Amino acid sequence: MRLSAPPSVLFFASAAHGLHHVLLTLYLTLVLVITQVWHLPYNNLIALWTLGAMLVGLGAPLAGWLADRIGETKMLVLCFVGLGVSGILCGLAQNTLQMEGALALLGLSGSIYHPVGFSWVVKHARIRGRAVAATGIAGSFGVGLGPVTAAGLASLWGWRIAFILPGAITATLGFVLLALHLAGRIVDRTDDSVPHPHHAKTGDRARAFAVLSLTMTATLMLNSAFLTALPKLVQVSGITALSGLFGIGLITGGIQLLGAGAQFAGGHFADRGIAKPAYVMGFAALAIAFPLIAASHGWGVAAVGVAAVFLFESMAPIETLLLARYTPASRRGTVFGIRYGLSAIGTPAGVWLVAHFYSATAHFTYLMMALAVAAALAGAMALLLPKDRPLSPVAAE
């Protein structure tokens with residue numbers, strides 16, 4: 001089986017995606033330690049991430065627009081370095097104001113990857129679904145490794161090193177990518193490696209963009225709320241086999257990693273022209289999974305959590321490839337930027353829902369019910385998408 005994209009593109013796109021999610025999820029676990037060190041309540045400290053989460057979306061349209069004009073590789077260098085420096089600053093924060101500022105810079109730097117990285121991959125891809133899934137699963141591993149990295153490093157050397165060390169590694173990779181780009185070893189493309197064989201009608205394109213703007217906002221909100229709550233959800237679930245921060249991080253990371261392979265399932269469905277039913281069924285299954293999480297205890301929470309992660313991961317490449325179908329290569333960064341700009345609404349809304357619905361007695365019961373309703377509504381909207389077509393000209397490979 002031949003590679004779906006050039007090895008250098010797959011490596012740096014995957015590394016950037018994985019480290020992006022590691023750094024953006026560190027705080028969600030480390031906040032459990034910081035609450036004890038700074039003697040502040042969980043609600044107050046988790047809310048510090050709201051601005052950063054908003055900037056992940058607000059910065060995306062500008063990042064995509066710049067990538068269309070100066071090239072994706074230069075923007076990815078900025079993404080690596082920005083994320084790395086931000087992580088280091090989080091580790092050096094001495095109070096809530098400094099932490100909020102560092103998290104805001106982290107969110108702004110994180111806004112670069114998705115519109116730029118996926119545009120870069122789609123342009124270079126020989127088999128779109130497989131290439132997007134490969135880089136997507138790297139991000140899924142990053143989300144899964146984030147809690148483990150946070151808990152492991154914090155247990156060994158403290159929460160500050162848990163921010164600083166991943167930040168330093170990320171910045172270093174950025175300088176390596178810059179050196180390779182300046183040496184002409186990694187270059188940008190102006191068009192797609194393999195053009196899409198189908199041309200969408202104007203009406204279908206408008207309908208797809210309208211529907212996806214709503215459903216993608218919904219998935220961003222649902223995913224943000226679930227991931228933000230997950231470490232605390234594990235902590236209050238009654239799982240006692242592994243107590244303490246490292247146990248919480250290990251279980252949380254395990255839940256993420258076990259569901260990560262679903263990216264390939266989503267890419268497979270998209271390449272073969274059954275993206276729409278898979279997308280709709282994903283929302284329907286989430287509407288069932290969230291109430292099950294609320295009703296579960298102990299390891300049951302972990303089991304249903306894995307199922308929820310699997311569903312989220314399978315839907316991510318479907319959304320990316322649907323947008324790629326309706327977007328010309330010269331404007332893909334901008335359109336992808338607008339897509340992830342929706343996270344300025346969805347992601348902080350998810351964080352707000354966690355802070356608003358969590359209580360010491362009911363925990364996340366009300367949150368899970370609200371997420372179930374939102375998933376059902378999003379699934380109903382997804383039914384309005386245009387008819388499917390295969391998204392890859394080499395889907396049979």
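Reader: Which residues line the second largest cavity?
Author: This is a predicted model, in which local features need pLDDT of at least 70, side-chain atom pairs pLDDT 80 or more, and linings, like chain and interface totals, use all residues. Numbering runs from 1 along each chain's sequence, and side-chain values use heavy atoms, without hydrogens and water. Lining residues (an atom within 4 Å of a cavity point, where a 1.4 Å probe fits on a 1 Å grid over the protein atoms alone but cannot get out) of the second largest cavity are T25, L28, V143, P147, L227, L230, P231, T252 and Q256.

Reader: Which element gives the largest share of that second lining?
Author: Two or more residues each come from α1, α8, α10 and α11 (244-258), helices being DSSP runs of H or I with at least four residues. The largest share, 3 residues, belongs to α10.

Reader: What volume does the second largest cavity have?
Author: The structure holds 2 cavities of 30 Å³ or more, and volume here is the space filled by probe spheres set on the points. For the largest cavity this comes to about 730 Å³, while for the second largest it is about 60 Å³.

Reader: Which residues lie nearest the centre of the largest cavity?
Author: Among the elements giving two or more residues to the lining of the largest cavity are α1 (7-38), α7 (113-124) and α10 (202-235), although the largest share, 8 residues, comes from α14. Of the 35 lining residues, those nearest the centre are H21, H114, L220, N223 and L227.

Reader: How many charged residues does the lining of the largest cavity have?
Author: The lining of the second largest cavity has 6 nonpolar, 3 polar and no charged residues. In the largest cavity, the lining has 15 nonpolar and 17 polar residues, and its charged residues (Asp, Glu, Lys and Arg) number 3.

Note on methods:
On a 1 Å grid over the protein atoms alone, a cavity is a set of points where a 1.4 Å probe fits but cannot get out, and a pocket is an open set with protein on both sides within 12 Å along at least five of seven lines; lining residues have an atom within 4 Å of a point.
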